[in-house]
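Hello,

Here is the structure I promised to pass on. Please have a look at it first, and then read my notes below.

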Amino acid sequence: EFNDAFEVARVILLVSPPGAGKTVFIRSFMEREDVRARFHAERIDGSSDVLVEVALADVLSDRFRTPGERALLVLDEYHMLADHQKMALARWVLPRLHWLKVVLIGNRFDEFDRTVLSHLERGAGSSRGAALDSESGSGNDEEPEHAVYSDEGDEGDEGDEGD
């Protein structure tokens with residue numbers, strides 16, 4: 001379940017087809033009193049024209065001005081980012097993972113996304129994988145750095161249960 005993964009994962013990639021309710025779900029999640037009390041939460045639209053004119057790292061730094069403050073970054077329409085923007089995101093996020101949780105929302109998951117997640121995982125000094133075992137749905141014994149929720153049938157990814 002998304003809530004369980006959120007508690008242990010630092011980065012979550014939430015993937016399902018357009019119109020499945022990912023954005024509505026995450027907006028509702030962000031509005032929960034317990035989430036608002038624990039995190040400074042910001043939602044960024046990955047399809048925004050602003051990201052064409054302004055570097056993603058600058059937008060993120062502007063939104064998250066207090067280093068160390070427990071924060072939640074939700075990047076909606078993650079699949080719309082160019083590969084170089086995804087890597088810029090990973091470079092910006094990596095040194096902040098001790099205080100930042102990240103939820104990436106997209107309509108698809110490709111091999112480059114695996115590369116980005118692997119980059120974050122390696123950089124965080126972890127070899128840990130997704131929060132839930134895809135076969136049994138049970139948790140593993142180690143805290144993951146990331147979890148992937150997808151209903152596209154990618155092997156090793158999780159079902160989009162929260163969407």
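What follows is a short account of confidence, the cores, one helix and one aspartate.

This is a predicted model, in which local features need pLDDT of at least 70 and side-chain atom pairs count only at pLDDT 80 or more, while totals for chains, interfaces and linings use all residues. Numbering runs from 1 along each chain as its sequence is written, and side-chain values use heavy atoms, with hydrogens and water left out.

Confidence comes first. The chain has a mean pLDDT (the predictor's confidence in each residue, from 0 to 100) of 79, and 75% of its residues reach 70 or more. Among the elements (DSSP runs numbered from the N terminus: helices are H or I of at least four residues, strands E of at least two), β3 has the highest mean at 96 and strand β5 (residues 146–150) the lowest at 54. Two stretches stay under 50: residues 126–144 and residues 152–163. Where pLDDT is low, the predicted coordinates should not be read in detail.

Now the cores. The largest nonpolar core (buried Ala, Val, Leu, Ile, Met, Phe, Trp, Tyr and Cys residues joined through side-chain atoms within 4.5 Å) has 28 residues, and Leu73, Leu89, Val93 and Leu100 have the most contacts inside it. Buried here means under 20% relative accessible area, exposed over 50%, and partly exposed in between (1.4 Å probe, protein chains only). Helix α6 (83–93) is one of the elements that each supply at least two residues of this core, and its share, five residues, is the largest. Apart from this core lies another, of 15 residues, including Phe6 and Phe29.

Next, helix α2 (residues 22–31), whose buried residues are Lys22, Ile26, Phe29 and Met30. They sit on the same side of α2 because they cover an arc of only 95 degrees around the axis, taken from the directions from the helix axis to the C-beta atoms. Val24 and Glu31 are exposed on the face turned away from that side. The buried residues pack against several elements, among them α1 (2–8), β1 (11–15) and β4 (100–106), where contact means heavy atoms within 4.5 Å.

Finally, aspartate 113 belongs to helix α7 and is buried, with a relative accessible area of 1%. Its side chain makes a polar contact of 3.1 Å with that of tyrosine 78; such a contact is a pair of N or O atoms within 3.5 Å, where within protein one must be able to donate a hydrogen and the other to accept it, and residues adjacent in sequence count only if both atoms are side-chain atoms. Leaving aside residues up to four places away in sequence, aspartate 113 also touches Leu13, Lys86 and Arg108.

Best wishes
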